[in-house]
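Please look over the sequence and the model before reading on. The paragraphs below start from a single residue and then widen to the rest of the chain.

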Amino acid sequence: MKSKGKKIQGALCHVYLILLTIVAMFPLVWIVLCSVKGKGELTGNPTGFFPKTFTLEYFRHVIFDLGFINNIKNSVLIALVTTVIAIIVASLAAYGIVRFFPKFGSMMSKVLVTTYIFPPILLAIPYSIIMAKMGLTNTRIGLVIVYLSFSIPYAVWMLVGFFKSVPIGIEEAARIDGANKLKVFSSVVLPLVAPGIVATAIYTFINAWNEFLYSLILINDTSKMTVAVALRSLNGAEILDWGDMMAASVIVVIPSIIFFCLIQNKIAGGLTEGSVK
């Protein structure tokens with residue numbers, strides 16, 4: 001009876017999780033299906049779920065005719081550069097805080113994360129003034145610097161907890177074997193905190209990819225705009241084409257999903273590798 005009760009309980013849990021998955025996935029599936037519907041289907045039958053005719057015309061129009069291909073390149077470049085620099089700087093900073101300045105570093109990491117107390121709009125004017133004085137307005141470099149200013153503090157705060165989980169005995173054993181501090185950090189410590197680094201990288205990339213406010217304020221050149229701002233510009237058109245809007249929305253959302261799917265195996269692999277070591 002107990003085994004039968006557990007099976008029923010397990011089946012109910014699976015059904016519940018499947019329902020939650022369907023609810024969570026429905027908006028994305030709806031957008032994707034709407035983006036491949038034929039001309040006139042969205043306005044003629046807006047509640048229709050499956051497309052009567054399959055077409056990629058909206059994607060072709062958005063990417064080539066509306067110039068979204070340049071916006072995609074801008075977002076990928078800015079998000080990747082921000083992620084790489086933030087992870088490198090945050091990893092070194094978090095390791096230094098944990099191993100060399102534990103007391104002061106713990107206080108400093110808490111101070112860093114308080115930067116998230118301020119709403120983004122409150123910092124828009126100071127950022128604009130600073131970038132203007134530095135001559136970095138309407139440049140990708142200026143936008144990357146702004147993104148790093150709030151990505152690095154949070155990344156440091158996240159990674160401090162992961163670096164604290166690394167036993168000091170492992171590092172001391174490596175030092176006895178003749179490894180210097182840099183070798184210990186790169187070959188011993190980093191593999192153990194790989195799950196934390198990957199999770200932080202995902203967070204940083206998605207935030208940089210989806211960021212809208214500072215990109216809207218600091219970038220005026222259409223050729224340098226990110227996909228988030230370009231998507232908003234479609235809504236401001238005289239005639240809103242919902243097919244173009246759906247296709248552009250898919251272009252904005254899909255890269256974040258693909259990036260996470262490619263890296264999620266490394267998260268599990270890093271956890272296993274860390275436990276074995």
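Where does asparagine 138 lie? In this predicted model, asparagine 138 is found in the loop between α6 and α7 (140–164). Its side chain reaches the backbone nitrogen of asparagine 220, at 2.7 Å. Once its neighbours within four places in sequence are left aside, asparagine 138 is in contact with Leu218, Ile219, Asn220, Asp221 and Lys224.

Two of those partners, Ile219 and Asn220, also appear among the contacts of methionine 225, a residue in the loop between α11 and α12 (227–235). Leaving aside its neighbours within four places in sequence, methionine 225 is in contact with Asn71, Asn74, Ile219 and Asn220. Although methionine 225 and asparagine 71 stand 154 residues apart in sequence, their C-alpha atoms are 5.6 Å apart in space. Methionine 225 counts as buried, because its relative accessibility is 17% and the limit for being buried is under 20%.

With these loops in view, the whole chain can be considered. Its secondary structure comes to 13 helices and 0 strands, and of its 277 residues, 38% are buried. Among the contacts in the chain with a separation of 6 or more, 71% are accounted for by residues 24 or more positions apart.

The aromatic residues give one way of following such links, for the structure holds 9 aromatic pairs. In one of them, the rings of tyrosine 127 and tyrosine 214 have their centres 5.2 Å apart and their planes at 80°, and since planes over 60 degrees apart count as edge-to-face, the pair is of that kind. This pair links distant parts of the chain, with tyrosine 127 in helix α6 (residues 124–134) and tyrosine 214 in helix α11 (residues 213–218), 87 residues apart. Both are buried, tyrosine 127 with a relative accessible area of 15% and tyrosine 214 with one of 4%. Together with Tyr147 and Phe150, these two tyrosines form one aromatic cluster.

Another aromatic pair, phenylalanine 205 with tryptophan 209, is stacked, at 6.2 Å centre to centre and 15° between the planes. Phenylalanine 205 and tryptophan 209 are separated by about one helical turn, because they are 4 residues apart in helix α10 (residues 194–210). Both residues are buried. A ring also takes part in an arrangement with a charge: the charged end of lysine 37 sits over the ring of tryptophan 30, 5.4 Å from its centre.

In soluble globular proteins, nonpolar side chains tend to be buried together. Here, the largest nonpolar core has 61 residues, of which Phe68, Phe163 and Tyr214 touch the most other members. The largest share of this core, 12 residues, comes from α7. For phenylalanine 163, the contacts beyond its neighbours within four places in sequence are Ser91, Ala94, Tyr95, Val98, Arg99, Phe185, Val189, Leu190 and Val193.

A last view is that of helix α3 (residues 57–65), whose buried residues are Tyr58, Phe59, Val62 and Ile63. Seen down the axis of α3, these buried residues fall within an arc of 115°, and therefore they line one face of the helix. Just after α3, glycine 67 takes a positive phi of about 80°.

Note on methods
Residues are numbered from 1 along each chain as its sequence is written. This is a predicted model: local features need pLDDT of at least 70, side-chain atom pairs count only at pLDDT 80 or more; totals for chains, interfaces and linings use all residues. Side-chain values use heavy atoms; hydrogens and water are left out. Rings of Phe, Tyr and Trp (its six-membered ring) pair if their centres lie within 6.5 Å; planes under 30 degrees apart count as stacked, over 60 as edge-to-face and the rest as tilted. Helices (H or I, at least four residues) and strands (E, at least two) are DSSP runs, numbered from the N terminus. Buried means under 20% relative accessible area, exposed over 50%, partly exposed in between (1.4 Å probe, protein chains only). A charge sits over a ring if NZ of Lys or CZ of Arg is within 6 Å of the ring centre and within 35 degrees of the ring normal. A polar contact is a pair of N or O atoms within 3.5 Å; within protein, one must be able to donate a hydrogen and the other to accept it, and residues adjacent in sequence count only if both atoms are side-chain atoms. Contact means heavy atoms within 4.5 Å. A nonpolar core is a set of buried Ala, Val, Leu, Ile, Met, Phe, Trp, Tyr and Cys residues joined through side-chain atoms within 4.5 Å. The arc is that of the directions from the helix axis to the C-beta atoms.
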